[in-house]
Amino acid sequence: MVKKWWQNSVVYQIYPKSFLDSNGDGIGDLQGIIQKIPYLKKLGVDVIWLCPVYQSPQDDNGYDISDYESIDPEFGTMDDMKELIRACNREDIRIVMDLVVNHTSDEHWWFQEAQKSKENPYRDFYIWRKGKNGQPPNDLKSNFGGSAWEYSEETNEYYLHFYSKKQPDLNWENEKLRQEIYRMMNYWLELGIAGFRMDVIDLIGKIPDEKIKENGPRLHEYLREMNENTFGKTDAMTVGECWGATPEIARLYTAPERKELNMIFQFEQIQLDKQKGGQRWDLKELDLRELKAVFSKWQYELDGCGWNSLFWSNHDLPRIVSRWGNDGKYRELSAKMLATLLHGMKGTPYIYQGEELGMTNVPFTAIENFPDIETQNIYKERLRAGFSAEETIHAIRKKARDNARTPMQWNAEENAGFTTGTPWYQINPNYKEINAEDETAREDSVFSHYQKLIQLRKKHEIMVYGEYHLLLPEDEDLYIYTRTLGKEQWLILCNFHEKEREIASTQIGSVLLSNYTDTPQLKELHLLRPYEAVIYRLPEKVEMHNVCAVYSDKSVSITEEIEEGESRE
Ligand code: NOJ
């Protein structure tokens with residue numbers, strides 16, 4: 001596989017509305033991002049994924065676009081955008097834009113036209129159907145709750161919307177629409193952006209009449225056509241958001257010879273706290289063995305024929321330290337442990353703003369404190385379906401997107417330094433303790449740990465290209481794996497628990513990175529402390545390694561497994 005720049009890059013995701021407000025209106029903006037380029041440089045990231053800043057009525061915080069070629073005044077102007085691209089380029093930071101082309105806003109002029117009459121030349125840019133006996137055409141559901149069809153009086157027909165009714169779905173079967181999108185993408189590429197994160201791209205091949213939402217029959221044809229007409233001629237980076245992907249499907253998107261996308265975001269690990277077949281609000285206990293199985297499946301199955309994107313969080317997900325970590329006593333240690341686990345694997349890591357500070361979920365308990373359109377809709381829907389307010393709020397606190405959207409915590413001053421005005425969304429009250437000013441000043445902070453992980457990746461090819469092998473799949477508390485490249489081998493040990501664990505090893509390993517300051521080298525009997533995470537370099541040319549984990553009265557030997565997974569020359 002030819003090596004690509006985005007394989008050894010680290011991406012930082014910015015949710016502009018909550019990043020930094022430069023003009024006191026309570027909403028983050030492009031000038032705010034420009035001010036923080038030195039911060040991003042200090043962290044060491046190579047790419048910014050910028051969530052939508054296009055003109056938008058903000059029904060879904062910018063994922064409802066009314067003009068793809070202008071900037072929403074909330075965020076600034078096109079001149080600010082150009083300045084951001086230039087300023088980032090000077091610092092060797094590239095910008096990847098969010099491409100939202102499954103739907104537009106109903107305030108996009110295409111839709112305004114389409115709505116007018118059945119004969120309008122833009123009618124076919126969207127998906128219209130007649131109702132059935134005064135009801136929607138079928139029972140397709142919107143991902144934000146309720147029917148996916150909205151009645152439009154002007155023409156007595158329904159239009160499709162998989163998200164809010166202000167986000168009508170585009171009709172990708174229409175060649176004219178596709179060409180318009182490609183033209184717009186080229187406009188952005190010419191402005192100097194380095195690629196696209198593609199919003200719910202697996203939906204564009206939908207066939208609503210057959211109730212096919214994801215992975216429709218023409219999806220890959222569209223992507224190949226898009227590639228050929230736009231970024232295929234450049235070295236841009238592309239990553240598609242694909243909730244319904246399996247590794248098999250992922251290979252269709254990302255196998256280089258197919259000329260579609262570079263990477264996808266898959267969400268299997270994200271759904272481990274959801275009951276099978278249920279909604280994401282139907283909670284289930286997390287089980288580390290399942291996490292290992294999912295991550296490892298993706299590591300093995302894309303190896304050599306695709307490329308993984310590695311992420312814990314984004315603007316649609318709760319904070320990872322509150323999910324898989326411990327956001328109380330062990331917040332810093334567990335945030336660093338989770339970072340180590342993720343960045344140690346093979347793929348391109350993504351950091352969601354605030355993750356590098358170990359930011360946590362919100363402590364709010366009233367539904368009014370969760371302004372997101374999805375949360376609000378789901379709350380009403382679950383109550384109508386008979387769930388109690390208490391259990392619904394419990395699920396919302398654990399899973400709502402609002403958790404990720406509180407403003408960045410820059411310092412311990414008023415409004416966490418995010419704005420001099422009134423923030424559009426409440427600041428997490430823990431900002432006095434968790435903030436960038438403190439984190440960047442401390443050697444032992446979560447921020448410093450992310451910095452070190454990024455530097456390690458820049459220094460060691462094995463971290464980018466080394467083969468992954470999981471050890472101890474059945475252990476409930478430890479996640480252990482190796483990376484191997486040529487004669488070099490690393491062992492990554494992560495304790496997901498506050499319990500101490502003993503590891504026995506016949507190998508001596510030297511510490512490359514740990515979340516404790518005094519971790520000794522790997523030795524015969526080795527103690528892993530609460531949430532400890534260590535990357536060890538194993539000595540060369542060891543014929544056999546034997547690591548065995550001892551857990552109270554249980555003892556598991558993994559010797560054979562390591563031998564089997566041996567890929568050393
Ligand atoms: C996925 C985005 O990440 C999310 O924030 C948005 O609401 C939906 N797609 C619709 O665009």
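This passage walks through the ligand site, the strand pairings, two loop residues, the aromatic pairs and one buried arginine of a predicted model.

The ligand is a good place to begin. Its surroundings comprise 13 residues, and the closest of these are Asp 60, Asp 199, His 315, Asp 316 and Arg 401. Sorted by class, the shell holds seven charged residues, four nonpolar ones and two polar ones. Several side chains come within polar-contact distance of ligand oxygen atoms. For Asp 199, a polar side-chain atom and an oxygen atom of the ligand are separated by 2.7 Å. The side chain of His 315 places an N or O atom 2.8 Å from an oxygen atom of the ligand, and for the side chain of Arg 197 the corresponding distance is 3.1 Å. On its own the ligand has 290 Å² of accessible area, and the protein covers 98% of it.

Attention now turns to the strands. As general background, the strands of a sheet pair through backbone hydrogen bonds, in either a parallel or an antiparallel arrangement. Both arrangements appear here. In the parallel sense, strand 1 (residues 11-14) pairs with strand 2 (residues 47-50) over four bridges. Within this pairing, Ile 14 stands opposite Leu 50 of strand 2. Strand 1 also pairs with strand 13 (residues 348-352), again in the parallel sense, over three bridges. Here Val 11 has Tyr 350 of strand 13 as its bridge partner. The side chains of strand 1 alternate: Val 11 and Gln 13 point one way, Tyr 12 and Ile 14 the other way, and all are buried.

An antiparallel arrangement is found in an open sheet of three strands, ordered 6-8-7. The edges of this sheet are strand 6 (128-129) and strand 7 (149-152); each has a single partner strand, so one side of each is left without a neighbour in the sheet. Between strand 7 and strand 8 (residues 157-160), the antiparallel pairing runs over four bridges. One of the bridge partnerships joins Trp 149 to Leu 160 in strand 8.

Two loop residues deserve a look for their backbone geometry. In general, most residues other than glycine have a negative phi. Gln 58 departs from this sign, with a positive phi near 65°. This residue is found in the loop between strand 3 (54-55) and strand 4 (67-71), and its relative accessible area of 13% makes it buried. Lys 259 likewise has a positive phi, near 50°. The loop that holds Lys 259 runs between helix 7 (247-254) and strand 11 (263-265). Unlike the buried Gln 58, Lys 259 is exposed, at a relative accessible area of 56%.

The aromatic residues offer another view of the fold. The structure contains 35 aromatic pairs. In one of them, the ring centres of Tyr 68 and Trp 110 are 6.0 Å apart and the planes meet at 45°, so the pair is tilted. Tyr 68 belongs to strand 4 and Trp 110 to helix 4 (residues 109-116), so this pair ties together parts that are 42 residues apart in sequence. Both Tyr 68 and Trp 110 are buried. Another pair is edge-to-face: Phe 111 and Tyr 126 have 4.9 Å from centre to centre and 85° between their planes. Phe 111 sits in helix 4, while Tyr 126 is in the loop between helix 4 and strand 6, so that pair links distant parts of the chain, 15 residues apart. Phe 111 is buried, at a relative accessible area of 1%, and Tyr 126 also counts as buried, at 2%. Tyr 68 and Trp 110 are, in turn, members of an aromatic cluster that also includes Tyr 54, Trp 109, Tyr 122, Phe 125, Tyr 187 and Trp 188.

A final stop is Arg 331, located in helix 9 (residues 331-344). Is this arginine, Arg 331, buried or exposed? With a relative accessible area of 4%, Arg 331 is buried. Its side chain reaches the backbone oxygen of Leu 357, at a distance of 3.2 Å.

Terms used:
Residues are numbered from 1 along each chain as its sequence is written. This is a predicted model: local features need pLDDT of at least 70, side-chain atom pairs count only at pLDDT 80 or more; totals for chains, interfaces and linings use all residues. Side-chain values use heavy atoms; hydrogens and water are left out. A residue is near a molecule or strand if one of its heavy atoms lies within 4 Å of it. A polar contact is a pair of N or O atoms within 3.5 Å; within protein, one must be able to donate a hydrogen and the other to accept it, and residues adjacent in sequence count only if both atoms are side-chain atoms. Accessible areas come from the Shrake-Rupley method with a 1.4 Å probe; for residues, only the protein chains shown count as cover. Ala, Val, Leu, Ile, Met, Phe, Trp, Tyr, Cys and Pro count as nonpolar, Asp, Glu, Lys and Arg as charged, and the others, Gly among them, as polar. Two strands pair if DSSP finds at least two bridges between them. Helices (H or I, at least four residues) and strands (E, at least two) are DSSP runs, numbered from the N terminus. Buried means under 20% relative accessible area, exposed over 50%, partly exposed in between (1.4 Å probe, protein chains only). Rings of Phe, Tyr and Trp (its six-membered ring) pair if their centres lie within 6.5 Å; planes under 30 degrees apart count as stacked, over 60 as edge-to-face and the rest as tilted.
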